[in-house]
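User: Please take a close look at how the helices pack against each other in this model.

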Amino acid sequence: MSENVLLVGATSAIARALAQRLAARGCNLILAGRDNEELESLASDLRIRYQQQILVESVDAMQVDSHTAFVDRAMGAFHESLQGAILCQGVLHPQSLAATSWQMSAEMMQVNLTASISLLNLLADRFAPLGRGYLAAISSVAGDRGRGSNYIYGASKAGLTAYLDGLRNHLLPHGVHVLTIKPGPVDTPMLQASGQSPSRLTASPERVARDIDRAIRRGKNQVYSPWYWSWIMRIIRSIPEPLFKRMKL
């Protein structure tokens, strides 16, 4: 029996790579996002390549009032048989601009945190009575410790990580698994738009998609991608605050 999976933010670079991996291993997909034309183009390509059911749904993270109807449509798309949902939505504005623009700061908080909580709350309510399935969301290593170079984005991801920790605990008795995804920098248009340049530590979307797929199948609670970010962030978290606050990180 094919696995049915919802991808929110499906036109992002990581979600595109993940959609290909999931479809290649026999999953049926619901691709959700704001740009219907781009979603339909992606869906058409996946249908031709992998001969799977690929559906398209419209959702705007900023329109929280529309989330309930969206989740209801997604849950009913495969005859009430949705096995998983993965949130790949995110916004990353340059820290230097966001620090002086409330609009940019608020957008990062809404898309990365509050909209994600809205969608995951609704999905959790639908999945819990089923007693099975998984929910996953892309957080970031930036949420592990506040740094001067990206503290607004980091704050939004720290909130999401804490929320996912609690949701995992809440859903455990219901048989629903929750995965926290923590990539380091990924070579995507979002990274480029933020003004950051790729480095030796920058991963490809395909690498992150592979790690996400593997973590879902192995039932992991969280996954750092690539794996070495787990050790990097362990070191960063261990630096004493009097020293850390003087560092240019």
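Analyst: A crossing is right-handed if the near helix is turned clockwise from the far one by less than a right angle, and left-handed if anticlockwise. This is a predicted model, in which local features need pLDDT of at least 70 and side-chain atom pairs count only at 80 or more, while totals for chains, interfaces and linings use all residues. Residues are numbered from 1 along each chain as its sequence is written, and side-chain values use heavy atoms, without hydrogens or water.

Helices H1 (residues 13-24) and H8 (residues 205-218), numbered as DSSP runs (H or I, at least four residues) from the N terminus, cross in the right-handed sense. Their axes, lines fitted to C-alpha atoms over the stretch in contact, come within 8 Å and cross at roughly 55°. H1 and H8 are therefore oblique to each other, being neither under 35, nor over 145, nor within 65 to 115 degrees. Contact (heavy atoms within 4.5 Å) involves Ala13, Ile14, Ala17, Leu18, Arg21 and Leu22 of H1; on H8, the partners include Pro205, Val208 and Asp213. The contact residues divide into nine nonpolar, no polar and four charged (Asp, Glu, Lys and Arg).

H5 (residues 102-127) bends by about 45° at glutamine 110, the angle between axes fitted to the seven residues ending there and the seven starting there. The axes of H5 and H6 (residues 151-171) come within 8 Å and cross at roughly 10°, which makes the two helices roughly parallel. Among the contact residues are Met108 and Leu120 of H5 and Tyr163 and Leu167 of H6. This contact comprises 14 nonpolar, six polar and one charged residue.

Key
Axes fitted to C-alpha atoms, helices over the stretch in contact; angles between N-to-C directions.
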